[in-house]
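Got your viewer open? Let's walk through this model one selection at a time.

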Amino acid sequence: QVHLVESGGGLVQAGGSLRLSCKASGRTDDHYGLGWFRQAPGQKREFVAAISWAGQTTYYADAVKGRFTISRDYAKNTHYLEMNALSAEDTAFYYCGALDPRTGNDCEGDEYDYWGQGTQVTVSS
């Protein structure tokens with residue numbers, strides 16, 4: 001069992017930056033892939049970014065490439081999403097997830113094994 005809690009969301013002006021954190025607890029020693037997804041009102045949840053358990057491979061949605069950076073801190077059992085040059089299209093509820101490779105390996109899909117409850121990011125114009 002892995003429990004994930006997001007933090008760092010809030011209101012930011014267009015062009016600004018935020019860093020989201022996803023703190024894991026429970027059984028955190030497995031080699032999970034880690035990801036971030038977002039869901040805007042009336043929209044489906046969409047992939048944003050992912051990182052392999054070793055932190056050497058990253059994946060990004062085209063909409064955020066060059067602006068967002070995913071990373072992880074093993075000592076803190078936390079992974080992050082650094083978001084820069086934010087615009088209104090980035091406004092959404094952001095979720096972090098953990099993917100057990102024993103059950104699936106599509107890190108850009110939405111069938112992660114564990115999810116946080118999400119944190120709201122609102123970008124004002």
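Start with the whole protein chain, shown as a predicted model. With 125 residues, a compact globule would have a radius of gyration near 14 Å, and the protein chain has 14 Å, so the two agree. Turn the C-alpha trace around: along its principal axes, the trace spans about 40 × 25 × 25 Å.

Now switch to a cartoon view. How many helices and how many strands does the protein chain have? You should find 0 helices and 11 strands. Reading along the sequence, you just meet β after β: β-β-β-β-β-β-β-β-β-β-β.

Try a surface view next. The protein chain exposes about 6,700 Å², and carbon and sulfur atoms supply 46% of that. Of the 125 residues, 43% count as buried. Contacts tell you how the chain comes back to itself: among those with a separation of 6 or more, 56% are between residues 24 or more positions apart.

**Stop 1: the cysteines**

Select C22 and C96. A disulfide joins the two, with 2.0 Å from S to S. Searching the whole structure turns up 1 disulfide. Look along the S-S bond of C22 and C96: with 60 degrees about the bond, this link is right-handed. Trace back from each end and you'll see that the pair links distant parts of the chain, with C22 in strand 3 and C96 in strand 9 (residues 92–99), 74 residues apart. Both C22 and C96 are buried.

Now add C107 to your selection. Why is there no bond from C107 to another cysteine? The closest cysteine sulfur, in C96, is 15 Å from the sulfur of C107, which is too far for a bond. C107 still counts as buried, at 15% relative accessibility.

**Stop 2: a pair of tyrosines**

Time for some rings. When you look at two aromatic rings, check the distance of the centres and the angle of the planes. The count for this model comes to 6 aromatic pairs. One of them is Y32 with Y114, so select those: this edge-to-face pair has 5.9 Å centre to centre and 85 degrees between the planes. Y32 lies in the loop between strand 3 (18–26) and strand 4 (33–39), while Y114 is in strand 10 (residues 114–115), so the pair ties together parts that are 82 residues apart in sequence.

Are these two tyrosines buried or exposed? Y32 counts as buried at 6% relative accessibility. Y114 is buried as well, but its relative accessible area is 19%, and the cut-off for buried is under 20%.

**Stop 3: F37, W115 and company**

Move on to F37 and W115. Their ring centres are 5.0 Å apart and their planes sit at 70 degrees, so this pair is edge-to-face. Here again, distant parts of the chain are linked: F37 is in strand 4 and W115 in strand 10, 78 residues apart. F37 is buried, with a relative accessible area of 1%, whereas W115 is partly exposed at 23%.

Add F47 and Y112 to the selection. Together with F37 and W115, these residues form one aromatic cluster.

**Stop 4: an arginine over the rings**

Keep W115 on screen and select R45. The charged end of R45 sits over the ring of W115, 3.8 Å from its centre. Then show Y95 too: R45 lies over the face of Y95, at 5.6 Å from the ring centre.

Methods
Residues are numbered from 1 along each chain as its sequence is written. This is a predicted model: local features need pLDDT of at least 70, side-chain atom pairs count only at pLDDT 80 or more; totals for chains, interfaces and linings use all residues. Side-chain values use heavy atoms; hydrogens and water are left out. Rings of Phe, Tyr and Trp (its six-membered ring) pair if their centres lie within 6.5 Å; planes under 30 degrees apart count as stacked, over 60 as edge-to-face and the rest as tilted. Helices (H or I, at least four residues) and strands (E, at least two) are DSSP runs, numbered from the N terminus. Buried means under 20% relative accessible area, exposed over 50%, partly exposed in between (1.4 Å probe, protein chains only). A charge sits over a ring if NZ of Lys or CZ of Arg is within 6 Å of the ring centre and within 35 degrees of the ring normal. A disulfide is a pair of cysteine sulfur atoms within 2.5 Å. The radius of gyration is taken over C-alpha atoms; the globule rule is 2.2 Å times the number of residues to the power 0.38. Contact means heavy atoms within 4.5 Å. Accessible areas come from the Shrake-Rupley method with a 1.4 Å probe; for residues, only the protein chains shown count as cover.
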